[in-house]
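Visitor: I've got a protein model to look at and no idea where to start. Could you walk me through it?

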Amino acid sequence: MAGATITIEDAALQAWLRRSLQNLSHPADALAEIGEILVQSTQRRFETETKPDGGGWAPNSEATKKRKARRSNHILTDYGHLGNTIHAQMEGATAVLVGSNREYAAIHQFGGTIKHAARTATLHFRQNQRTGQVGNRFVRRSRSNFAQTANIGAYETQMIARPFLGISDEDRRDIEETLVAYLMPRA
């Protein structure tokens, strides 16, 4: 080889380099740890209602606030299903995927238009037995004693993007620390 050559004859340093190179060729442990870091970070975003860049999610619409008045009014946490399904999955030996298996996760992450087809629905009411008057509130079918069919026309719902997946600056630092610890094996 032309130029300069350095030969490492220190046995401890050679052993350390061998372990580092072995870790580089088998990154599954580091990727699993990185996946867990990102899962926990993403779940915290549901608590703090923030994007990976630190900004807040768009607030709920007034219609959503009214609909959720009797439940939690937190954004994207109606029942907690989406936030509770965040998981990491190894993709071969060289990649880790973090996401949700919920069908609606993508529309919340990226936003978009949901097209609802026209349909016929049965509406259930409670009718007063004495007066025969039908109440103006919908009830569950099991509590209903009066039903009416209604035609609902096609319509669209515009969903605002509320990114919950991604890598924040804090995540980046945690990943770097994990990789440094992984690549710097102890003697």
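Guide: Sure, and let's start with one term: two residues are in contact when they have heavy atoms within 4.5 Å. Keep in mind that this is a predicted model.

Visitor: Okay, so of the contacts with a separation of 6 or more, what percentage comes from residues 24 or more positions apart?

Guide: Here we set aside pairs with a smaller separation along the chain and look at contacts with a separation of 6 or more. Within that group, residues 24 or more positions apart account for 63%.

Visitor: How many helices and strands are there in the chain?

Guide: You can read them off along the sequence, where the pattern is α-α-α-β-β-α-β-β-β-β-β-α. Count the α and β symbols and you get five helices and seven strands.

Visitor: Which element has the lowest mean pLDDT?

Guide: pLDDT is the predictor's confidence in each residue, from 0 to 100. The chain averages 83, and 86% of the residues score at least 70. Among the elements, strand 3 (residues 112-116) has the highest mean, 94. The lowest mean, 70, belongs to strand 5 (residues 134-138).

Visitor: Let's talk pockets. Which element gives the largest share of the lining of the largest pocket?

Guide: That pocket holds about 480 Å³ of space. Of its 21 lining residues, the closest to the centre are Thr64, Arg67, Leu76, His108 and Met159. Helix 3 (62-67) and strand 7 (155-159) each supply at least two residues of the lining. The largest share, three residues, comes from strand 7.

Visitor: And which class of residue is most numerous in that lining: nonpolar, polar or charged?

Guide: Let's go through the classes for the lining of the largest pocket: four residues are charged and eight are nonpolar. The remaining class has nine residues, and that class is polar.

Visitor: You mentioned His108. Is it buried or exposed?

Guide: His108 sits in helix 4 (residues 105-110). Leaving aside neighbours within four places in sequence, His108 is in contact with Leu76, Leu82, Met159, Ile160, Ala161, Arg162, Pro163 and Phe164. Its relative accessibility is 14%, and the cut-off is under 20%, so His108 counts as buried.

Visitor: What about charges: how many salt bridges does the structure hold?

Guide: Here's the basic idea: side chains of opposite charge can pair when their charged atoms come close. One such salt bridge joins Asp171 and Arg45 (2.8 Å, N to O), and another joins Glu156 and Lys115, whose closest N and O atoms are 4.0 Å apart. A further one joins Asp169 and Arg172 (3.4 Å, N to O). In total, the structure holds three.

Visitor: How many residues apart are Asp171 and Arg45?

Guide: Asp171 and Arg45 meet in a salt bridge. This pair links distant parts of the chain, with Asp171 in helix 5 and Arg45 in helix 2 (residues 28-48). Both residues are buried. Along the chain, they are 126 residues apart.

Visitor: Are Glu156 and Lys115 buried or exposed?

Guide: Glu156 and Lys115 form a salt bridge too. This one also links distant parts of the chain: Glu156 lies in strand 7 and Lys115 in strand 3, 41 residues apart. Both of these residues are exposed.

Visitor: By about how much of a helix are Asp169 and Arg172 separated?

Guide: Asp169 is exposed, with a relative accessible area of 54%, while Arg172 is partly exposed at 41%. The two are three residues apart in helix 5, so the separation is about one helical turn.

Visitor: Where is Ser168 found?

Guide: Ser168 counts as buried, at 11% relative accessibility. Not counting neighbours within four places in sequence, Ser168 is in contact with Ser41, Arg45 and Pro52. As for its place, Ser168 is in the loop between strand 7 and helix 5 (169-183).

Visitor: Last one: what distance separates the C-alpha atoms of Thr178 and Ile34?

Guide: Thr178 is in helix 5 and is buried, with a relative accessible area of 8%. Beyond residues up to four places away in sequence, Thr178 touches Ala30, Glu33, Ile34 and Ile37. Thr178 and Ile34 are 144 residues apart along the chain, yet their C-alpha atoms are separated by 7.2 Å.

Definitions and conventions:
Residues are numbered from 1 along each chain as its sequence is written. This is a predicted model: local features need pLDDT of at least 70, side-chain atom pairs count only at pLDDT 80 or more; totals for chains, interfaces and linings use all residues. Side-chain values use heavy atoms; hydrogens and water are left out. On a 1 Å grid over the protein atoms alone, a cavity is a set of points where a 1.4 Å probe fits but cannot get out, and a pocket is an open set with protein on both sides within 12 Å along at least five of seven lines; lining residues have an atom within 4 Å of a point. Grid points are joined across faces, edges and corners, and a volume is the space filled by probe spheres set on the points. Helices (H or I, at least four residues) and strands (E, at least two) are DSSP runs, numbered from the N terminus. Ala, Val, Leu, Ile, Met, Phe, Trp, Tyr, Cys and Pro count as nonpolar, Asp, Glu, Lys and Arg as charged, and the others, Gly among them, as polar. Buried means under 20% relative accessible area, exposed over 50%, partly exposed in between (1.4 Å probe, protein chains only). A salt bridge is a side-chain nitrogen of Lys or Arg within 4 Å of a carboxyl oxygen of Asp or Glu.
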